[in-house]
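Colleague: I am new to reading protein models. Could you take me through one, feature by feature?

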Amino acid sequence: MRKTRVISIANQKGGVGKTTTCVNLAAALVEQGKKVLLLDNDPQANLTSYLQMHGEEPAGSAAEKATMDELYLAKRAPSYDDARDRYLRTYQINLDYVASDTDLAGVEYFLYTRNDREKVLKHHIAWAIGEYDFVMIDNPPSLNLLTLNALSAATEVLIPVQTEFFSLEGIVKIQESIKFVRERFNPLLKIAGILPTQVDTRKKLTGEVLKLLDSHFPSELLKSRIRDNSKLAESTGHGKTIFKYAPTSHGAEDYRSLADEMSGG
């Protein structure tokens with residue numbers, strides 16, 4: 001039985017590297033020998049598009065698998081064996097995922113009709129607890145019911161932020177949501193860390209924002225930094241993790257450092 005950490009990757013601002021971080025942190029953890037599950041909780045389905053390009057699952061088998069909207073809408077929570085047969089797709093050994101598509105956008109209407117509207121996802125992924133070391137949830141760039149479900153299901157929140165002044169405002173908003181979820185649905189939820197992304201140390205603004213983040217969030221700001229790296233952007237376009245695309249790049253080095261920090265290594 002594995003001790004499972006459920007990490008929701010959240011920020012209501014788009015373009016901060018949530019999906020890139022979700023995929024590459026997962027791959028770095030797999031390098032460490034961990035077993036990881038990714039959940040694409042975003043109707044834009046960027047995580048799914050990323051992973052389906054070069055997944056190791058036999059051709060045709062993944063197309064038959066159900067998606068996140070169907071997991072939310074299921075009449076009962078699946079067992080692990082049911083989930084393996086019906087929902088789980090494989091990107092590589094020890095890295096599974098549940099895909100998404102635009103149908104997930106319609107799930108919010110269904111959630112509003114339920115008294116347990118913020119806890120549906122937690123109930124329906126209970127099968128993953130004990131089977132994986134990490135469950136990581138990629139979220140939409142908004143604080144909607146899908147994101148609230150992810151926060152209610154998580155043990156921790158990882159907040160990627162760009163090094164720009166508006167980042168502080170975004171962090172305050174996500175903290176307010178975390179406080180709301182703690183008080184009502186998930187008292188054990190904690191912040192795993194604030195992760196600066198697309199960091200360019202040549203820019204004066206980057207240094208100023210990092211100092212502000214450190215002064216305002218000294219206990220939450222991670223030591224890891226994801227540097228601005230062309231190989232990371234290219235790897236996304238090719239549907240490969242940075243470790244498959246450019247294993248010696250700064251991007252690979254940074255995500256390995258992040259995995260070490262997150263796993264206590």
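Modeller: We start with the whole chain, then turn to a helix pair and a few single residues.

Colleague: What should I know before reading any value?

Modeller: This is a predicted model: local features need pLDDT of at least 70, side-chain atom pairs count only at pLDDT 80 or more, and totals for chains, interfaces and linings use all residues. Residues are numbered from 1 along each chain as its sequence is written, and side-chain values use heavy atoms, with hydrogens and water left out.

Colleague: How many helices and strands are there in the protein?

Modeller: Helices (H or I, at least four residues) and strands (E, at least two) are DSSP runs, numbered from the N terminus. Here the protein has 12 helices and 7 strands.

Colleague: How do I judge compactness?

Modeller: Use the radius of gyration, taken over C-alpha atoms, and the globule rule, 2.2 Å times the number of residues to the power 0.38. The protein's radius of gyration is 18 Å, close to the 18 Å from the rule for 265 residues, so the protein is as compact as a globular protein of that length. Along the principal axes, its C-alpha atoms fill a box of roughly 55 × 40 × 35 Å.

Colleague: What share of the residues counts as buried?

Modeller: Buried means under 20% relative accessible area, exposed over 50%, and partly exposed in between (1.4 Å probe, protein chains only). Of the 265 residues, 55% count as buried.

Colleague: And how do I read contacts?

Modeller: Contact means heavy atoms within 4.5 Å. Take the contacts with a separation of 6 or more: residues 24 or more positions apart account for 80% of them.

Colleague: At what angle do the axes of H1 and H12 cross?

Modeller: Axes are lines fitted to C-alpha atoms, for helices over the stretch in contact, and angles run from 0 to 180 degrees between N-to-C directions. The axes of H1 (residues 18-31) and H12 (residues 250-263) come within 8 Å and cross at roughly 70°. That makes H1 roughly perpendicular to H12 (under 35 degrees is roughly parallel, over 145 roughly antiparallel, 65 to 115 roughly perpendicular, the rest oblique).

Colleague: Which residues meet there?

Modeller: Among them are Leu-25 and Leu-29 from H1, and Leu-258 and Met-262 from H12. The contact residues divide into 7 nonpolar, 4 polar and 2 charged. In this count, Ala, Val, Leu, Ile, Met, Phe, Trp, Tyr, Cys and Pro are nonpolar, Asp, Glu, Lys and Arg charged, and the others, Gly among them, polar.

Colleague: Is Asp-200 buried or exposed?

Modeller: Asp-200 is buried, at 11% relative accessible area. Find it in the loop between strand E7 (190-197) and helix H9 (204-216). Its side chain makes a polar contact with the side chain of Arg-202 (2.9 Å). A polar contact is a pair of N or O atoms within 3.5 Å; within protein, one must be able to donate a hydrogen and the other to accept it, and residues adjacent in sequence count only if both atoms are side-chain atoms.

Colleague: Where does Lys-34 lie?

Modeller: Lys-34 lies in the loop between H1 and strand E2 (36-40). Lys-34 is partly exposed, at 24%. Not counting residues up to four places away in sequence, Lys-34 touches several residues, including Asn-94 and Ser-263.

Colleague: What is the phi of Asn-94?

Modeller: Asn-94 has a positive phi of about 70°, although it is not a glycine. Asn-94 sits in the loop between strand E3 (89-92) and strand E4 (95-98).
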